[in-house]
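Thanks, everyone. I have one structure to go through, and I will keep it short. Please have a look at it first.

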Amino acid sequence: MLAALPTLSRAIRRTGLPCKWLMVPAGGELVPDTRCSDRAPFWDAGYPAAMVTDTSFLRNLHYHRPSDTLDLDFLTAVCSGLIAGLSQL
């Protein structure tokens with residue numbers, strides 16, 4: 001999984017979006033906010049898992065509220081970067 005993270009990050013950056021990656025050890029136990037997604041059960045079962053996020057509630061005051069909107073250009077760029085990055089793995 002570690003080798004995949006820089007590849008995916010570079011591919012997303014090529015779309016013009018900023019992108020950083022973070023390797024989270026111990027199934028996210030040391031950084032509890034990293035367990036707030038559906039990848040935690042995969043970690044718990046011993047499977048490597050990655051999450052692509054814009055940091056959700058840590059950055060966006062509208063997260064999961066009626067005022068939360070979908071930025072289709074942003075979503076398209078992320079998906080394009082993931083497709084390009086995954087095709088390199």
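I will start at the surface. R10, R13, R14 and K20 form a positive surface patch. Keep in mind that this is a predicted model.

Take one member of that patch, R13. Where is it? R13 lies in helix 1, which covers residues 4-13. Is R13 buried or exposed? Neither label applies: R13 counts as partly exposed because its relative accessible area is 40%, and that class lies between under 20% for buried and over 50% for exposed. The patch requires over 30% relative accessible area, so R13, at 40%, passes that cut-off.

Now the overall layout. The protein chain contains four helices and zero strands. Following the sequence, the pattern reads α-α-α-α. The C-alpha trace spans about 35 × 35 × 15 Å along its principal axes. As for burial, 27% of the 89 residues in the protein chain count as buried.

That brings me to the interior. Which residues make up the largest nonpolar core? There are seven: L8, I12, L17, C19, A77, V78 and L82. At least two residues of this core come from helix 1, and at least two from helix 4, residues 72-87. Helix 4 is the biggest contributor, with three residues. As general background, nonpolar side chains in soluble globular proteins tend to be buried together.

To recap, then. On the surface there is the positive patch of R10, R13, R14 and K20. Inside, there is the seven-residue nonpolar core, with helix 4 giving the most to it. That is all from me.

Conventions: Residues numbered from 1 in each chain as written. Predicted model: local features only at pLDDT ≥ 70, side-chain atom pairs only at ≥ 80, totals over all residues. Heavy atoms only, no water. Patch = residues over 30% accessible without salt bridge, like charges linked within 9 Å, V, L, I, M, F, W, Y side chains within 5 Å. Areas by Shrake-Rupley, 256 points an atom, 1.4 Å probe, with all protein chains shown as cover. Salt bridge = Lys/Arg side-chain N within 4 Å of Asp/Glu carboxyl O. Lys, Arg positive; Asp, Glu negative; His and termini not counted. Charge placed at Lys NZ, Arg CZ, Asp CG, Glu CD. Buried < 20%, exposed > 50% of the residue type's maximum accessible area, 1.4 Å probe, protein only. Core = buried A, V, L, I, M, F, W, Y, C linked by side-chain atoms within 4.5 Å.
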